[in-house]
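Let's take a walk through a protein model together, one piece at a time. Keep the structure open beside you as you read.

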Amino acid sequence: MSDPLTPEEMAATHAAAFTQARPWSAPEFAALLDSPLVFAAGDARCFALVRAIADEAELLTIATGPAHQRQGLARACMLDWESLARARGAAEAFLEVAEDNAPAQALYRACGFAECGRRTGYYRRKDANPADAILMRKALR
């Protein structure tokens, strides 16, 4: 899972996967990818965007198109970006996930991430109260 992705492909997958929140646009993905600290893993079916600074990696987003969910692609993508982050010198990985996103929480826990904090009311919802962000951490070494 390492075919080059375009910002347009990322934006299309993100829009299909994120229906409760505003998806990111192609120009937003392009701006992030302009940084030498940011890299992508995966393909147009499922991708992760990660920032690695010093010995820390942060999962910025991961998205799987609805037609490709429940096929193990997200787990493979997680393993891929973690390996790429280690190669860049990352010793720890961080991410945040909405408290109402049980499938993502299950994926992250299965990949060895554990809760390390919380941001109250962080994610805005269209027709519901804001959801907390659960902060998660994993040692990569």
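Two strands count as paired if DSSP finds at least two bridges between them. With that in mind, look at Ala-52 in this predicted model: Ala-52 stands opposite Ala-57 in strand S3.

**Three strands in a row**

Let's begin with strand S1, which covers residues 38-42. Four of its five residues are buried, so to find them you need to look beneath the surface: buried here means under 20% relative accessible area. The next strand, S2, takes in residues 46-53. S2 is also mostly covered, with six of its eight residues buried.

How do S1 and S2 pair? They pair in the antiparallel sense, over five bridges. Three residues lie between the two strands, and together S1 and S2 form a hairpin.

S2 has another partner as well: eight bridges join S2 to S3, and these two run antiparallel. S2 and S3 form a hairpin too, with two residues between them. In that turn, Ala-54 has a positive phi of about 55°.

Here are some opposite residues that you can look up on screen:

| Residue | Opposite residue | Strand of the opposite residue |
|---|---|---|
| Phe-39 | Val-50 | S2 |
| Gly-42 | Phe-47 | S2 |
| Ala-52 | Ala-57 | S3 |

While you are looking at strands, here is a handy rule: in a regular strand the side chains alternate between the two faces of the sheet.

**A helix with a covered face**

Now move along to helix H4, residues 102-110. Which residues of H4 are buried? They are Ala-104, Gln-105, Leu-107 and Tyr-108. Seen down the axis of H4, the buried residues fall within an arc of 160°, so they line one face of the helix. On the other side of H4, Ala-102 and Pro-103 are exposed.

What covers the buried residues of H4? The cover includes strand S3 (56-64), helix H3 (73-87), strand S4 (92-98) and strand S6 (131-139). You have already met S3 as the hairpin partner of S2.

Finally, have a look at the two ends of H4. At the N-terminal end, Asn-101 acts as a cap: one of its side-chain oxygens lies 3.1 Å from the backbone nitrogen of Ala-104. Just after H4 comes Gly-112, which takes a positive phi of about 95°.

How values were computed:
Residues are numbered from 1 along each chain as its sequence is written. This is a predicted model: local features need pLDDT of at least 70, side-chain atom pairs count only at pLDDT 80 or more; totals for chains, interfaces and linings use all residues. Side-chain values use heavy atoms; hydrogens and water are left out. Buried means under 20% relative accessible area, exposed over 50%, partly exposed in between (1.4 Å probe, protein chains only). The arc is that of the directions from the helix axis to the C-beta atoms. Contact means heavy atoms within 4.5 Å. A polar contact is a pair of N or O atoms within 3.5 Å; within protein, one must be able to donate a hydrogen and the other to accept it, and residues adjacent in sequence count only if both atoms are side-chain atoms.
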